[in-house]
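Hi there,

Here is the structure I promised to pass on to you. Have a look at it first, and then read my notes below.

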Amino acid sequence: MNGGLIYGASVDGPLAGWRTVGLVLGLAGLIDSLYLSAESLSSQVPLYCPSGGIVNCVTVTSSEYSRFAGVPVAVLGASWFAVMLLLFALNRPAMNYALVPLWAIGMVFVGYLVFAELVLVHAICPYCTVAHALAVLMVWPAFKLGLEGE
């Protein structure tokens with residue numbers, strides 16, 4: 001049985017489940033980050049989130065830490081999720097080795113953003129937290145495919 005194909009490569013191998021997990025997490029993270037990106041780039045996109053107390057999206061997304069080198073961090077997050085999603089979807093063993101270092105770069109940035117939210121801004125954005133959690137959870141598929149290949 002040759003099973004399903006993603007861009008011409010078999011997904012029947014022992015790591016196919018991990019690839020599926022990576023695709024699902026990557027897609028969810030991309031959707032979340034695209035929503036935050038749209039909100040940060042357009043005043044026409046409403047952000048449905050509390051705006052008082054510690055859970056305060058407006059405080060987080062309008063803080064000086066919501067941009068990195070002038071680029072909204074949500075756009076950087078959407079780009080990261082898109083690249084990770086593409087690597088999972090391409091299903092090319094030679095490219096899987098990029099998953100681990102890219103995941104590590106993402107974790108450094110997530111650490112910075114969580115620090116900024118909790119220590120510098122003193123507010124939490126649930127949408128940002130979802131993106132951070134999804135990125136952290138990508139550790140398993142990234143390492144399984146990146147180190148064991150398929």
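**Two cysteines without a bond**

Let's begin with Cys128: its closest cysteine sulfur is in Cys125, 3.0 Å away, and that is too far for a bond. The cut-off behind this is that a disulfide needs the two sulfur atoms within 2.5 Å. Seen from the other side, the sulfur of Cys125 has Cys128 as its closest cysteine partner, again at 3.0 Å, so this is too far for a bond. Please keep in mind that this is a predicted model.

Are these two cysteines buried or exposed? Cys125 has a relative accessibility of 0%, so it counts as buried. Cys128 has a relative accessible area of 13%, and buried means under 20%, so Cys128 is buried too.

**The pair that does bond**

In case the term is new to you, a disulfide is a covalent bond between the sulfur atoms of two cysteines. How many does the chain have? The count comes to one disulfide. Cys49 and Cys57 form it, with their sulfur atoms 2.0 Å apart. The torsion about their S-S bond is about 75°, so the disulfide is right-handed. Cys49 and Cys57 are both buried.

**The chain as a whole**

Now step back and trace the fold. You should find seven helices and four strands. Along the sequence they come in the order β-β-α-α-β-β-α-α-α-α-α. The C-alpha atoms fill a box of roughly 55 × 30 × 25 Å along the principal axes.

The chain has 150 residues, and 42% of them are buried. Among contacts with a separation of 6 or more, 73% are between residues 24 or more positions apart. The chain exposes about 7,800 Å², with carbon and sulfur atoms supplying 73% of that area. As for charge, there are 4 positive and 7 negative side chains, and the centres of the two sets lie 10 Å apart.

**A helix to look at**

Finally, try helix H7, which covers residues 139-148. Which of its residues are buried? They are Val139, Pro141, Ala142, Leu145 and Gly146. And what covers them? The cover includes several other helices: H1 (16-41), H3 (73-90), H4 (93-96), H5 (99-121) and H6 (126-137).

Enjoy exploring it, and write back with any questions.

Best wishes

How values were computed. Residues numbered from 1 in each chain as written. Predicted model: local features only at pLDDT ≥ 70, side-chain atom pairs only at ≥ 80, totals over all residues. Heavy atoms only, no water. Helix = DSSP H or I, 4+ residues; strand = E, 2+ residues; numbered from the N terminus. Buried < 20%, exposed > 50% of the residue type's maximum accessible area, 1.4 Å probe, protein only. Contact = heavy atoms within 4.5 Å. Areas by Shrake-Rupley, 256 points an atom, 1.4 Å probe, with all protein chains shown as cover. Lys, Arg positive; Asp, Glu negative; His and termini not counted. Charge placed at Lys NZ, Arg CZ, Asp CG, Glu CD.
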